[in-house]
Amino acid sequence: MRSSYREALRAALREALVKDPRVFLMGEDVGCYGGTYAVSKGLLEEFGPERIRDTPLSELGFVGAGVGAALGGMRPIVEVMTVNFSLLALDQIVNSAALLRHMSGGQLSVPLVLRMATGAGRQLAAQHSHSLENWYAHIPGIRVLAPGTVADARGMLAAALADPDPVVIFEHVQLYGLEDELPEAIDACDITRAAVRRPGTRASVFAWGGCLPKALQAAQQLAEGGIDVEVVDLRVLRPLDWETIAASVRRTHRAVVVDEGWKSGSLAAEVVAGLVERCFYDLDAPPQRVCSAEVPIPYAKQLEEAALPQPEKIIAAVGEVLGV
């Protein structure tokens, strides 16, 4: 069955709504408009306004309502239009959702799923285009997911809803139109492990979300030139799957991390630091990071493309760690 990333997300939402009457979706424009990126198109007509709820432009308010609903026994899915706007809801995410299990001595859990668009590449200008996944990956008490394939877009939501604690899912805006084959029966998605998307021997390229297709494109071009690199989709950004990450580097002895965030204080920096702690004597070259330029993401297309990680930059970084 051929499906787009957007259709896979919608199918996962529909399945969750059918399966469990406690599940409901709320957020800005998720109902009448069908979602900013058309992910929830048609769900209002199918499930009604009690379960597909349009909210005011008040991220702090409706994320807080989601926390309260989760505490009350519901299974809310809260959509935040873009990660940039989620900063308005940080108090509820960081000080409530992430902490209540700890602060209640385990008496309270917050089974909340937060979905939000992230990333650049659609000329939406700086306030709609940043990648702040590492900010959330810094917070104990939440799980952070970044589906980079159509199959993960289809499979991660059910696993996230089964988690007794808050889960944040980042959907990269460049992936909504991505198409791939999906099996009729979807296996449960493992939201604890990274995935090796392309095995290789010369170097490990770590990527996630919107950078994953670019890493795979770079790997294909390198393979045509006789350089075989492994591509690992981190996909679970907190907690990171160090077993898979370290095992890859112990096979290839070289690492490149691709991150659409800014290099300073990036998740790529955390991955490199963790590799040095765990695999220092396995590394044959200093790890390289391919990140966004340290500027607000530009609106102009050519400047936006120049600011972001691209396959040619990944290829250059692989050449750097290989010394070729």
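## Exercises on burial, salt bridges and cores

At 34% relative accessibility, Arg-22 counts as partly exposed, since buried means under 20% relative accessible area, exposed over 50%, and partly exposed in between (1.4 Å probe, protein chains only). The model is predicted, so local features need pLDDT of at least 70 and side-chain atom pairs count only at pLDDT 80 or more, while totals for chains, interfaces and linings use all residues. Residues are numbered from 1 along each chain as its sequence is written, and side-chain values use heavy atoms, leaving out hydrogens and water.

**Exercise 1.** Find the distance of the salt bridge between Asp-20 and Arg-22, and classify Asp-20 as buried or exposed.

*Solution.*
- Step 1: apply the rule that a salt bridge is a side-chain nitrogen of Lys or Arg within 4 Å of a carboxyl oxygen of Asp or Glu.
- Step 2: the side chains of Asp-20 and Arg-22 meet at 2.9 Å, N to O.
- Step 3: Asp-20 has a relative accessible area of 16%, so this residue is buried.
- Step 4: by the same rule, the count comes to 20 salt bridges.

**Exercise 2.** State where Asp-241 and Arg-193 lie, and how many residues apart they are in sequence.

*Solution.*
- Step 1: a salt bridge joins Asp-241 and Arg-193, with the closest N and O atoms 2.8 Å apart.
- Step 2: Asp-241 lies in the loop between strand E12 (236-238) and helix H10 (242-252), and Arg-193 in the loop between strand E8 (179-181) and strand E9 (195-198), so the pair ties together parts 48 residues apart in sequence. Helices (H or I, at least four residues) and strands (E, at least two) are DSSP runs, numbered from the N terminus.
- Step 3: Asp-241 is buried at 6% relative accessibility, whereas Arg-193, at 29%, is partly exposed.

**Exercise 3.** Which elements does the salt bridge of Glu-230 and Arg-251 tie together?

*Solution.*
- Step 1: the N to O distance of this salt bridge is 2.6 Å.
- Step 2: Glu-230 lies in strand E11 (residues 229-233) and Arg-251 in helix H10, so the pair ties together parts 21 residues apart in sequence.
- Step 3: Glu-230 is buried at 2% relative accessible area, and Arg-251 is partly exposed at 44%.
- Step 4: elsewhere, salt bridges that share partners join Asp-152, Arg-197, Asp-233 and Arg-235 into one network.

**Exercise 4.** How many residues does the largest nonpolar core have, and which helix gives the most to this core?

*Solution.*
- Step 1: a nonpolar core is a set of buried Ala, Val, Leu, Ile, Met, Phe, Trp, Tyr and Cys residues joined through side-chain atoms within 4.5 Å.
- Step 2: the largest has 49 residues, and those with the most contacts inside it are Tyr-136, Phe-206, Leu-234 and Leu-275.
- Step 3: helix H11 (residues 267-279) gives the most, with 6 residues.
- Step 4: at least three residues of this core come from each of domain 1 (2-181) and domain 2 (195-322), with bounds from an automatic or database domain assignment.
- Step 5: a second, separate core of 36 residues includes Val-39, Leu-145, Ala-160 and Ile-169.

**Exercise 5.** Describe the surroundings of Ser-3, including its contacts.

*Solution.*
- Step 1: Ser-3 is in strand E1 (residues 2-4) and is buried, at 5% relative accessibility.
- Step 2: its side chain reaches the backbone nitrogen of Ala-8 at 3.4 Å.
- Step 3: leaving aside neighbours within four places in sequence, Ser-3 is in contact (heavy atoms within 4.5 Å) with residues including Ala-8, Val-150 and Leu-178.

Key:
A polar contact is a pair of N or O atoms within 3.5 Å; within protein, one must be able to donate a hydrogen and the other to accept it, and residues adjacent in sequence count only if both atoms are side-chain atoms.
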